[in-house]
Amino acid sequence: MTIFDELKARGLLAQLTDEEEIKELINNGKATFYIGFDPTADSLHVGHFMALCLMKRLQMAGNKPIALLGGGTGMIGDPSGRSDMRTMMTPEIIQHNCDCFKEQMSKFIDFSEGKALMVNNADWLMDLNYIEMLREVGSHFSVNRMLTAECYKQRMEKGLSFLEFNYMIMQSYDFYVLYQKYGCNMQFGGDDQWSNMLGGTELIRRKLGKNAYAMTITLLLNSEGNKMGKTQKGAVWLDPNKTTPFEFFQYWRNIADADVLKCIRMLTFLPLEEIEQMDQWEGSQLNKAKEILAFELTKMIHGEEEANKSLESARALFTDGNAAQMPTVVLKEEDFEENKIDILSMLVASGLVASRSEGRRAVEQGGVTADGEKVADIKAVFEKEQLAGDGIVLKRGKKNFKRITC
């Protein structure tokens, strides 16, 4: 099976500019491609994970990845998928975040001589002359067409700033520069980046008379159509100091039944033949599939030792609670508000406490855990999707526990 056929079989391909040309390039290891990472935090998160997996797959097939750190575009902020404007970051914070990204990516992608590149668009964007930029690039962009772009739609209702409006031009200019400096002939990114990526291929065609290509990756969505990678604590980070290996493991161990095989196919490097056999699994077998998914992803990010420790801890959690006979509480639709439930409401609904005030005391005294992780915030909120499938094990003290599902 070619790498292109494998990407297709794993459900990773979304939109492509020129399928036959892209297939030819990546199957023969002739693609020099880039994926951009804006340094909006001091760690990569699950949302970046699929892009890193794609880079790794293509590199293993002989193609050359360029990891583009957005030290320049990070000064503006991508409006894609946003209903509000991003918080402005100082140059110092942006640089710190870029440094953190470098360290994390280097554990995943081979950046040895000739294998891959890591560059920062601040190197060319920060020194641009505004008038020269307008004359060189501005004339090639139609405002009418830009306003129809998907990446701006959500921002148009609340107001799109001129600052953000420039983001498409900056990203397009990145591709233009990378094409000239490094022979970068292809850009990959999330499906919400399609308009920005087309801007780059068009700029290269207009300015240089050359062809460049773009391909988007399917966004990692759950069965309800929401982006995956969020918990009651916020994003699921790749930095073990922000999301522990056990928390990372538990996130994947507790995803909904409907999502597990899709995630195994898209995110792991298990052979497709093995995954196709899992497609027949159902019922309790899906718990085994979730364990496999959690182990494989934790091993990739945190190493085999941490993956084994997390697996043992997760199994101990269920063994201690006698998982097969564990008392289970199924939450009703009315228990949720906007598909969320707070920890105090969940404690009361589970019967682990008699009142919210008792629940508040239990949390404040450090006696409440969810899937083995202490709940320290009385305002902690759980998404409905987190409680689907196997749900979570809610404990008060050492001996009182319930499995909470919906």
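**Exercise 1. A residue in a loop**

Asparagine 339 lies in the loop between S9 and S10. The model you are looking at is predicted. Work out which exposure class asparagine 339 belongs to.

*Solution.*
Step 1: Find the relative accessible area of asparagine 339, which is 40%.
Step 2: Recall that buried means under 20% and exposed means over 50%, with partly exposed in between.
Step 3: Asparagine 339 is therefore partly exposed.

**Exercise 2. Backbone angles in that loop**

What is the value of phi at glutamate 338, and what is it at asparagine 339?

*Solution.*
Step 1: Locate glutamate 338 in the loop between strand S9 (328–330) and strand S10 (340–342).
Step 2: Its phi is positive, near 55°, although glutamate 338 is not a glycine.
Step 3: Asparagine 339, also a residue other than glycine, has a positive phi near 60°.
Step 4: For the surroundings of glutamate 338, use its relative accessibility of 71%, which means that it counts as exposed.

**Exercise 3. The span of a helix**

Compare the reach of helix H15 (residues 285–302) with the span expected at 1.5 Å a residue. Then decide whether H15 is mostly covered or mostly open.

*Solution.*
Step 1: Count the residues of H15: there are 18.
Step 2: From its first C-alpha to its last, H15 reaches 26 Å, close to the expected 26 Å.
Step 3: Of the 18 residues in H15, 13 are buried, and the helix is mostly covered.
Step 4: Look just past the end of H15, where glycine 303 follows with a positive phi, near 95°.

**Exercise 4. Charged partners**

How many salt bridges does the structure hold? Examine three of them, starting with the partners of lysine 227 and arginine 396, then lysine 115.

*Solution.*
Step 1: Here is the general idea: side chains of opposite charge can pair when their charged atoms come close.
Step 2: The structure holds 15 salt bridges.
Step 3: Lysine 227 pairs with aspartate 192, with the closest N and O atoms 3.7 Å apart. This pair links distant parts of the chain, 35 residues apart: lysine 227 sits in the loop between S6 and S7, and aspartate 192 in the loop between S5 and H11.
Step 4: Arginine 396 and glutamate 358 meet at 2.6 Å, N to O. Arginine 396 lies in strand S14 and glutamate 358 in helix H18, so the pair ties together parts that are 38 residues apart in sequence.
Step 5: Salt bridges can also share partners, and in this way Glu202, Arg205 and Arg206 are joined into one network.
Step 6: Lysine 115 and aspartate 110 form a salt bridge at 3.4 Å, N to O. Lysine 115 is partly exposed, at 42% relative accessibility, and aspartate 110 is partly exposed too, at 32%.

Conventions. Residues numbered from 1 in each chain as written. Predicted model: local features only at pLDDT ≥ 70, side-chain atom pairs only at ≥ 80, totals over all residues. Heavy atoms only, no water. Helix = DSSP H or I, 4+ residues; strand = E, 2+ residues; numbered from the N terminus. Expected span 1.5 Å × (residues − 1). Buried < 20%, exposed > 50% of the residue type's maximum accessible area, 1.4 Å probe, protein only. Salt bridge = Lys/Arg side-chain N within 4 Å of Asp/Glu carboxyl O.
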